[in-house]
Amino acid sequence: MDLSLGTLRILDKNELTPADKLAVLNLWNNEYPINLRYHDVKEFENYLQALEDKSHALLLDDNDRVLGWYFDFIRDKKRWFAAILDSEIQGKGYGSKLIKRAMKSRKELHGWVIDSDAYLKNNGQAYRSPLSFYKKLGFKIDASVRLETSRLSAVKIFWTL
């Protein structure tokens, strides 16, 4: 399905093409903290292959450049999600539209959110926690559940219909 969104459009996919994977990998490595970096497409593919019942939404410009990626999947019998937007379009409502769109078709969404601004992105700039963004959209924080690894610290968020 192709849905227009101002000058950008959303393209839904069950599977990503090799070109999609490369574009999403670049977006991931540029926008997420450097601690979460994937070194190559194969490593990223291994991550994706381990997930069940995946659904992707690519946010594309007029030249089919990937500026955003939303995806959800099943883990431990729950629907989990992640979303990434290119820095150049953050704060313009596109992330909210992607998440609200998912909320219309899902009964629940679970995610991990880095709740600290202490991480750096690949370009050396600070990674800004999106926790307040998700709270504005109605997500709840489950402060009793944290993801603590050598790569990051994150809190669980969830939304239910």
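Helices and strands are here DSSP runs, of at least four residues for helices and at least two for strands, numbered from the N terminus. The model in these exercises is predicted.

**Exercise 1. Place Asp76 among the elements of the chain and describe its backbone and exposure.**

Step 1. Asp76 sits in the loop that links strand 4 (66-75) and strand 5 (78-85).

Step 2. The phi angle of Asp76 is positive, about 50°, although the residue is not a glycine.

Step 3. Exposed requires a relative accessible area over 50%. Asp76 has 66%, so it is exposed.

Step 4. A second aspartate can be set beside Asp76: Asp53 has a positive phi near 50° and is likewise a residue other than glycine. Asp53 belongs to strand 3 (residues 52-60).

**Exercise 2. Give the order of the elements and describe the overall dimensions of the chain.**

Step 1. The protein chain contains four helices and eight strands. Read from the N terminus, their order is β-β-α-α-β-β-β-α-β-α-β-β.

Step 2. For 161 residues, a compact globule would have a radius of gyration near 15 Å; the protein chain has 15 Å, so the two agree.

Step 3. Along the principal axes, the C-alpha atoms fill a box of roughly 40 × 35 × 30 Å.

Step 4. Of the 161 residues, 43% are buried. The accessible surface is about 8900 Å², and carbon and sulfur atoms account for 50% of it.

Step 5. Among contacts between residues at least 6 apart in sequence, 57% join residues at least 24 apart.

Step 6. For the charges, count 26 positive and 22 negative side chains; the centres of these two sets are 5 Å apart.

**Exercise 3. Compare the span of helix 1 with the expected value, then find what its buried residues pack against.**

Step 1. Helix 1 (residues 18-31) has 14 residues, which at 1.5 Å a residue should span 20 Å. The end C-alpha atoms of helix 1 are 20 Å apart, so the span agrees with expectation.

Step 2. Buried in helix 1 are Asp20, Lys21, Val24, Leu25, Leu27, Trp28, Asn29 and Glu31.

Step 3. These buried residues pack against strand 2 (8-13), helix 2 (41-49), strand 3, strand 4 and strand 5.

**Exercise 4. Carry out the span check for helix 3 and list its buried positions.**

Step 1. Helix 3 (residues 94-105) is made of 12 residues. From first to last C-alpha, helix 3 reaches 17 Å, close to the expected 16 Å.

Step 2. The buried residues in helix 3 are Tyr94, Gly95, Leu98, Ile99, Ala102 and Met103.

Step 3. To read such a list, recall that an α-helix has 3.6 residues a turn, so residues three or four places apart point the same way.

**Exercise 5. Describe the surroundings of Lys140 and Gln125.**

Step 1. Lys140 lies in strand 7 (residues 140-148).

Step 2. Setting aside neighbours within four places in sequence, Lys140 contacts Lys156, Ile157 and Phe158. Between the C-alpha atoms of Lys140 and Trp159 the separation is 6.2 Å, with their positions 19 residues apart along the chain.

Step 3. Gln125 lies in the loop between strand 6 (108-113) and helix 4 (131-136). Its relative accessibility is 46%, so Gln125 counts as partly exposed.

Step 4. With residues up to four places away in sequence not counted, Gln125 touches Tyr119 and Leu120. Pro33 is 92 residues from Gln125 along the chain, and their C-alpha atoms are separated by 9.3 Å.

Definitions and conventions: Residues numbered from 1 in each chain as written. Predicted model: local features only at pLDDT ≥ 70, side-chain atom pairs only at ≥ 80, totals over all residues. Heavy atoms only, no water. Rg over C-alpha atoms; globule rule 2.2 N^0.38 Å. Buried < 20%, exposed > 50% of the residue type's maximum accessible area, 1.4 Å probe, protein only. Contact = heavy atoms within 4.5 Å. Areas by Shrake-Rupley, 256 points an atom, 1.4 Å probe, with all protein chains shown as cover. Lys, Arg positive; Asp, Glu negative; His and termini not counted. Charge placed at Lys NZ, Arg CZ, Asp CG, Glu CD. Expected span 1.5 Å × (residues − 1).
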